[in-house]
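Here are a few exercises to work through with the model open beside you. Try each task before reading its solution.

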Amino acid sequence: MTDTTGTTPLENLSAERRAFPPSAEFAAQANAQAELYERARADREGFWAEQARSLLSWSTDFSEVLDWSGAPVARWFADGRLNACYNAVDRHVEAGRGDRVALLFEGEPGDTREITYAQLLEEVSRAAGALEALGLGTGDRVAIYLPLIPEAVVAMLACARIGAVHSVVFGGFSAEALRSRIDDAQATVVITADGGYRRGAPSALKPAVDEAVGPDDDGTPSPVQKVLVVRRTGQDVAWTEGRDVWWHEALEAAPAQHTPVDVEAEHPLFILYTSGTTGKPKGIFHTTGGYLTQTAYTHLNVFDLKPEQDVYWCTADIGWVTGHSYVVYGPLVNGATQVLYEGTPDTPHKGRWWEIVAKYGVTILYTAPTAIRTFMKWGEDVPGQFDLSSLRVLGSVGEPINPEAWMWYRRVIGADRTPIVDTWWQTETGAIMISPLPGVTAAKPGSAQVPLPGIVAEVVDEEAKPVPDGAGGYLVLSEPWPSMLRGIWGDEQRYKDTYWSRFPGIYFAGDGAKKDDDGDIWLLGRVDDVMNVSGHRLSTAEIESALVSHPMVAEAAVVGASDETTGQAVVAFVILRAEHLDKVDEAGEGADVAATLRKHVTKEIGPIAKPRTILVVNELPKTRSGKIMRRLLRDVAEHREVGDVTTLADSSVMALIAQGLEKPAASSD
Ligand code: WT7
């Protein structure tokens, strides 16, 4: 593990001095006011109990808020009982809001569906009945491998309705990845589709499932007994009689009414696999009462949701935790109306997202910095062609957002008017932990700033001591929170080792962070992405931020490559904005570009951060969830064979980058 503490280069990010307070009008109408912090500080457990009771409907009230006697496994609201699907659907219908639209679905080919809460209730009831008819019950695991279509939401809710545990596997993962997740969770049913639409054409899903549920290389049979298949594209599919069941036939055969199964607050709701530092993905598991409390609370307060008026859109796929917490559970528990879009941002044209915002009058948009930087690369004329005036809150998640992208998001998408909430959290935390409150916080471009009311976070040094304002260290969460993971499925020891051993008794998030002079938190990326150059520690995020702050650069990825003299050297891969591409010739060479950028980084951070090598590229290797795979770039930068690329969205990118590196745009002076 690399130390990120107390080094001068980290100063740079928080030297950002701009701050954007909410307008008086926004502040006056905001759900969350400043006193929320005081209320939570005065009585943290009482505060969470209040949230749990006001945001959720419990069939049995709880008597104890937090039981931490089994630390680090928390029990929240443990003797309370409830059902997640009832909270997300039934109760809105019972309260007379059945006609409110829950989902505004836009398929990639342009097909649309509007699903009200009443219609959603009938769908989830039938789906729950269908799952029970397949023999599923409380505690059983169900793998969900679907495109971003309404049935994905219905499938998750139907599992929750019968007390089964869903394990959603992103539709872009391979058969191999699906198999290992099915096996680890011992799922007995898979819900999938014939296919989905991607980049203007149908692509198949069912063949991957057929492969994943066949006997493995050793001949071991899969635990899967039944495969439920949604018909989405109508393409031909291979069919295994006795195992495969059409979703629509199973739902038609099931009754339109179904009584949700009451479960304990600590009943597992879902497992979601995420990559760790080792090869084997971790099955992060979440339970019901605490998870729903914090997802609903954060969704309401961080996005300032007004369920009767807002049209909310979170662009995440349900295959990721953002889709679980901010497409399915948070918004539906709050009775929101939301857009669900199946496709990619550039199909059939680069303005598709902005066309959707204009068409549905989206008011709250939640997306990732990587998307924002892609749009920057495409140029502001693209969103400029659409009416985005309905937008009133913008959110960001997934990685540190560099100030340049933040400012672009605010100016071009938010018309210099909308608050931006940069939300820090993880699959493990289940819900947002650190974020501005849009009606309270004067937002600083690039900083997630403050732990939410009810959350206790700190930046600490090697000895777990809080660092003073102005210094850097490790981000930790010092008190348990309702939506925290309850463990790694089937591996309690790994849970303790991974999160609770670096600083005994404290949750270590794996991120480096810094407190600025106001005590606001700036996330600096994973500590394993931190470089050490000549004994100075440099954050990849910080150098990337410096590069992207140059008008020529749309996106940048920085890695530390081993270097004989300096230990590590900074190698930067940059994508130029469309307007500047003519400065580079076809081989990716552009000595001027490299010299300019090295000078710029020197100016922004200091000579120590100056990249040794700058390579202009057209694409960066990203996982299907959009994270830059620095590991692969490090391989290229260190002239190694490029490692495992199976999780890359487009593996041909690596060959192109490696070719280009043979003729670097600039090497050391
Ligand atoms: C890691 C968690 C949270 C849902 C999506 C990612 C990074 C996330 C931010 C942010 C800086 C961020 C952290 C974290 N991260 N949001 N706003 N600012 N970094 O979930 O795949 O579990 O990744 O993403 O490094 O540890 P995940």
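**Exercise 1.** Work out how much area the protein chain exposes and what carbon and sulfur atoms supply.

Solution. The protein chain exposes about 24,300 Å² (Shrake-Rupley method, 1.4 Å probe). Carbon and sulfur atoms supply 49% of that area. Next, burial: of the 669 residues in the protein chain, 62% are buried (under 20% relative accessible area, 1.4 Å probe, protein chains only).

Keep in mind that this is a predicted model, with local features needing pLDDT of at least 70 and side-chain atom pairs counting only at pLDDT 80 or more, while totals for chains, interfaces and linings use all residues. Numbering runs from 1 along each chain as its sequence is written, and side-chain values use heavy atoms, leaving out hydrogens and water.

**Exercise 2.** Describe how helix H6 and helix H11 cross, and say which residues meet.

Solution. Start with the axes (lines fitted to C-alpha atoms over the stretch in contact, angles from 0 to 180 degrees between N-to-C directions). Those of H6 (residues 150-162) and H11 (residues 321-333) come within 11 Å and cross at roughly 60°. The two helices are therefore oblique to each other (not under 35, over 145, or 65 to 115 degrees). Now the contact (heavy atoms within 4.5 Å): Val153, Met156, Leu157 and Ala160 in H6 meet His324, Val328, Tyr329 and Leu332 in H11. Sorted by type, that's seven nonpolar, one polar and no charged.

**Exercise 3.** Is Ile372 buried or exposed, and which residues does Ile372 touch?

Solution. First, place Ile372 in helix H13 (residues 369-378). Its relative accessibility is 1%, so Ile372 counts as buried. Leaving aside residues up to four places away in sequence, Ile372 touches Thr367, Ile401, Ala405, Trp408 and Tyr409.

Key. Helix = DSSP H or I, 4+ residues; strand = E, 2+ residues; numbered from the N terminus. Nonpolar A, V, L, I, M, F, W, Y, C, P; charged D, E, K, R; others polar. Buried < 20%, exposed > 50% of the residue type's maximum accessible area, 1.4 Å probe, protein only.
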